[in-house]
Amino acid sequence: MKKKTLRLISMLLVLVLTLGLCACGGGNPVSEESAGGDAADGGKGLKICIVTTSGVDDGSFNENCYDGIKAFTAEHADCTVTDVKESDLSKVIETVGSLVGDYDVMVLPGFNFAAIAEIAQANTDKYFIVVDSTITDLDGNTVNGLPNVYTMTFLEQESGFFAGLAAALSTETGKVAVVNGIAFPSNVNYEFGFMAGVNYANAKFGTSAEYVEIPSYAGEAAVPVAGGDYGTAVGGNYIGDFADQAKGKEVAEALIAAGVDIIFPAAGTAGNGCFTAIKENGSGYCIGCDVDQFDDGVNGSSNIILTSVLKVMDINITKQLNAIYDGTFKGADDTLGAASDPAGTGFVSAEGRQQLSADALEKMNQAYEDLKAGKIEPPSNFNGYTPDDFPGLN
């Protein structure tokens, strides 16, 4: 009875906030940018709000989403963007409810924004772009088909797979690792994909790499894993946060002490702590996540970024904002990967932006084509495959 009562109170609170009866009680507006001032009342201009839990300057996931908005506002002088940071994960839905009345479009990057269905249903004149999750009601029930909601999820396991390949083909110590923020499905996808990439390189390319997991940093999946006997116990190396750089450094230092020389941080701002640990160690590499992070790897006269694996949010966000502006927007739930147009996943192969050997690059390009053709299907939180048993490995 208590749980039901609390759930009803929570639902009523969200709806009250949505109707604008409360002030903005969650995040604080950090900045507002436009190409030419505020949108005029009654005009075509859009007021856009992006809400994040770790800021739009993380150099990775959130920043790439923000870049997609800025690319849009640069071409539309009547549109503005405000970014709001709400670091308390328990308040993110409340924060969205408090803000929605003031904006035309809400851009919400992260699995923690999933439960916005009631808000979207109560605000049919507002648009919602959700990254990394489909949406649910407050009870966790999936809600599909809302005409004002576009969700984009990604086959992160594909990018994780490329990271695992790069690590296995490049390690000198024979030990590699993936470090994640929180075990949301997107991060479990990265973890499993990385492990699968290492296993694939060992099986197909003759490497003998080991992915290292430290039990004290094991993760608990937010959504039970389909396939295998994982349940929610996914192991791996989890920081438990997307903003705690000190903890990210701590995890990386423990891995370095265990002999790891290549780390793939999929942890937003917290992953920058891994960069610091590798730089201070004086040897080893990190693999960038979500965006090309080569510039973040500068360490004196050297660079610690081996390559970066990609999740293309910016182009797809710009595409949806253009559709809203032009009146052609259609609500949908899209899953984007290497075979999508534009591609949703991949890795950096451009000369001067990565440090892969010619042999490693050739093997990764070969695997990329096989993956696009469906010959390789890395494991994920939901597809029932495991890092030891997936199409293409056996």
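Two residues are in contact here when they have heavy atoms within 4.5 Å of each other. Keep that in mind as you explore this structure, which is a predicted model.

**Stop 1: helices H5 and H6**

Start by selecting H5 (residues 156–170) and H6 (185–204). Their axes come within 6 Å and cross at roughly 40 degrees. H5 and H6 are therefore oblique to each other, and their crossing is right-handed.

Now show the side chains where the two helices meet. On the H5 side, pick out Glu-156, Gln-157, Ser-159, Gly-160, Phe-161, Ala-163, Gly-164, Leu-165, Ala-167 and Ala-168. On the H6 side, the partners are Ser-186, Asn-189, Tyr-190, Gly-193, Phe-194, Ala-196, Gly-197, Val-198, Tyr-200 and Ala-201. Try colouring this contact by class: 11 of its residues are nonpolar, eight are polar and one is charged.

**Stop 2: from H5 across to H10**

Keep H5 on screen and add helix H10 (residues 358–372). This pair packs at an angle of about 155 degrees, and the axes are 10 Å apart. How do H5 and H10 run, roughly parallel or roughly antiparallel to each other? Angles over 145 degrees count as roughly antiparallel, so H5 and H10 are roughly antiparallel. H5 passes H10 in a right-handed crossing.

Six H5 residues to label are Glu-158, Phe-161, Phe-162, Leu-165, Ala-166 and Leu-169. Across from them in H10 you will find Ala-360, Lys-363, Met-364, Ala-367, Tyr-368 and Leu-371. This contact of H5 with H10 has 10 nonpolar residues, two charged ones and no polar ones. Notice that Phe-161 and Leu-165 of H5 take part here and also in the contact with H6.

**Stop 3: the largest pocket**

Next, turn on a surface and look for the largest pocket, which holds about 530 Å³ of space. To centre your view, select Phe-111, Ser-133, Thr-134, Pro-185 and Phe-382, the closest to the pocket's centre among its 25 lining residues.

Which elements give two or more residues to this lining? They are helix H1 (2–18), strand S8 (149–154), H5 and H6. H6 gives the most, with three residues. By class, the lining of the largest pocket has 12 polar, nine nonpolar and four charged residues.

**Stop 4: the largest cavity**

Now go looking for enclosed space. The model has three cavities of 30 Å³ or more, and about 230 Å³ of space lies in the largest one. Select Phe-61, Asp-132, Ser-186, Asn-187 and Phe-242 to find its centre; of the 22 residues in the lining, these are the closest to it.

H6 turns up again, supplying three residues, the largest share of this lining. Helix H2 (61–75) and strand S14 (285–290) each supply at least two residues as well. The lining of the largest cavity divides into nine nonpolar, nine polar and four charged residues.

While you are there, zoom in on Asp-132. You will find Asp-132 in the loop between strand S5 (127–131) and strand S6 (135–136). Its phi is near 85 degrees, a positive value in a residue other than glycine.

**Stop 5: helices H2 and H9**

Having picked out H2 at the cavity, add helix H9 (residues 314–326) to the view. The axes of H2 and H9 come within 7 Å, crossing at roughly 40 degrees. H2 and H9 are therefore oblique to each other, and H2 passes H9 in a right-handed crossing.

For the contact, show Asn-64, Cys-65, Asp-67, Gly-68, Ile-69, Ala-71 and Phe-72 in H2. They meet Asp-314, Ile-317, Thr-318, Leu-321, Asn-322 and Tyr-325 in H9. The residues of this contact divide into seven nonpolar, four polar and two charged.

**Stop 6: an unusual-looking bend to finish**

Finally, select Asp-341 and Pro-342, which are joined by a cis peptide bond with omega about 0 degrees. Where does Pro-342 sit? Pro-342 is in the loop between strand S18 (332–336) and strand S19 (345–347).

Note on methods. Residues are numbered from 1 along each chain as its sequence is written. This is a predicted model: local features need pLDDT of at least 70, side-chain atom pairs count only at pLDDT 80 or more; totals for chains, interfaces and linings use all residues. Side-chain values use heavy atoms; hydrogens and water are left out. Axes are lines fitted to C-alpha atoms, for helices over the stretch in contact, and angles run from 0 to 180 degrees between N-to-C directions. Helices (H or I, at least four residues) and strands (E, at least two) are DSSP runs, numbered from the N terminus. Angles under 35 degrees count as roughly parallel, over 145 as roughly antiparallel, 65 to 115 as roughly perpendicular and the rest as oblique. A crossing is left-handed if the near helix is turned anticlockwise from the far one by less than a right angle, and right-handed if clockwise. Ala, Val, Leu, Ile, Met, Phe, Trp, Tyr, Cys and Pro count as nonpolar, Asp, Glu, Lys and Arg as charged, and the others, Gly among them, as polar. On a 1 Å grid over the protein atoms alone, a cavity is a set of points where a 1.4 Å probe fits but cannot get out, and a pocket is an open set with protein on both sides within 12 Å along at least five of seven lines; lining residues have an atom within 4 Å of a point. Grid points are joined across faces, edges and corners, and a volume is the space filled by probe spheres set on the points.
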